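This briefing is meant for a reader who is meeting the structure for the first time. It begins with the chain as a whole and then turns to particular residues.

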Amino acid sequence: MGTRHYRIELTAKGPIHIGNGRTLGKKDYFLQQGKIVVLDAAKFVAQLDGEQLADYCAFLETSSNRGLEDFLGERGLRDEAERAVAYRLDANLPQESGGARRYFEAAEFVKDAYGCPYIPGSSFKGMLRTVLLSALIEEDPEAFLRDYPQGEEWRKNKGAAA
């Protein structure tokens, strides 16, 4: 039997996030007109002179409340950073009192070779199984309750299976 290819168009009814396991911290991005701008560190470092590079490395090594946004402003390196952008994400980070931005970790998502987000087939398959099982349970909940014991009996059986 040969491989079959299907093209499916999805309409999201809620938030979708299929992560790649990496997170972006406050030292990985800066803000620009309501967007999170992710820095391509290799491109950025290639533009720096020796003193600027030493400052950047010292910034990365220290733990502080300062983010990349703060560092770029203090050192006047905003233009260099804007020439070294990996990609931009829409965001609306809240401001603290006094106008300072609050920094959050942002989870990266799976992207294709062109940098566009996509849903891997394995994730789609898992989603489809969940949707179908939910529909079956909603259709006849009593049938599923008979198959899955409740309370202490369930806990005992679960412990025995482990």
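Of the 162 residues in the protein, buried residues make up 20%. The model is a predicted one, and every value given below was computed from it. Its accessible surface comes to about 12300 Å², and 51% of that surface belongs to carbon and sulfur atoms.

**Overall fold**

- The protein has seven helices and five strands, and from the N terminus on these elements follow one another in the order β-β-β-α-α-α-α-β-β-α-α-α.
- Among the contacts in the protein with a separation of 6 or more, 67% are accounted for by residues 24 or more positions apart.

**The aromatic rings**

- A pair of aromatic rings is described by the distance of the centres and the angle of the planes.
- The structure holds four aromatic pairs, and one of them is formed by F44 and Y56, which meet edge-to-face at 5.0 Å centre to centre with 75° between the planes.
- Because F44 lies in helix α1 (residues 41-46) and Y56 lies in helix α2 (residues 50-61), this pair ties together parts that are 12 residues apart in sequence.
- Both F44 and Y56 are buried, and for Y56 the relative accessible area is 5%, which is under the 20% that marks a buried residue.
- Y56 also pairs with F71, and since the ring centres are 5.8 Å apart and the planes stand at 45°, this pair counts as tilted.
- The pair of Y56 and F71 links distant parts of the chain, with Y56 in helix α2 and F71 in helix α3 (residues 68-75), 15 residues apart.
- F71 is buried as well, with a relative accessible area of 0%.
- Taken together, F44, Y56, F59 and F71 form one aromatic cluster.
- K27 lies over the face of F59, one of the rings of that cluster, at 4.8 Å from the ring centre.

**Helix α2**

- Helix α2, which contains Y56, has 12 residues and reaches 17 Å from its first C-alpha to its last, a span close to the 16 Å expected at 1.5 Å a residue.
- At the start of α2, a side-chain oxygen of D49 reaches to within 3.1 Å of the backbone nitrogen of E51.

**R88 and its surroundings**

- R88 lies in strand β4, which covers residues 85-90, and R88 is partly exposed, with a relative accessible area of 43%.
- That value places R88 between the limits for a buried and an exposed residue, because buried means under 20% and exposed means over 50%.
- Leaving aside its neighbours within four places in sequence, R88 is in contact with Q32, K35, I36 and V37.
- R88 and L39 are 49 residues apart in sequence, while their C-alpha atoms are 9.0 Å apart in space.

Note on methods: Residues numbered from 1 in each chain as written. Predicted model: local features only at pLDDT ≥ 70, side-chain atom pairs only at ≥ 80, totals over all residues. Heavy atoms only, no water. Phe/Tyr/Trp six-rings, centres within 6.5 Å; stacked < 30°, edge-to-face > 60°. Helix = DSSP H or I, 4+ residues; strand = E, 2+ residues; numbered from the N terminus. Buried < 20%, exposed > 50% of the residue type's maximum accessible area, 1.4 Å probe, protein only. Lys NZ or Arg CZ within 6 Å of the ring centre and 35° of its normal. Expected span 1.5 Å × (residues − 1). Polar contact = N/O pair within 3.5 Å; in protein donor to acceptor, adjacent residues only side chain to side chain. Contact = heavy atoms within 4.5 Å. Areas by Shrake-Rupley, 256 points an atom, 1.4 Å probe, with all protein chains shown as cover.
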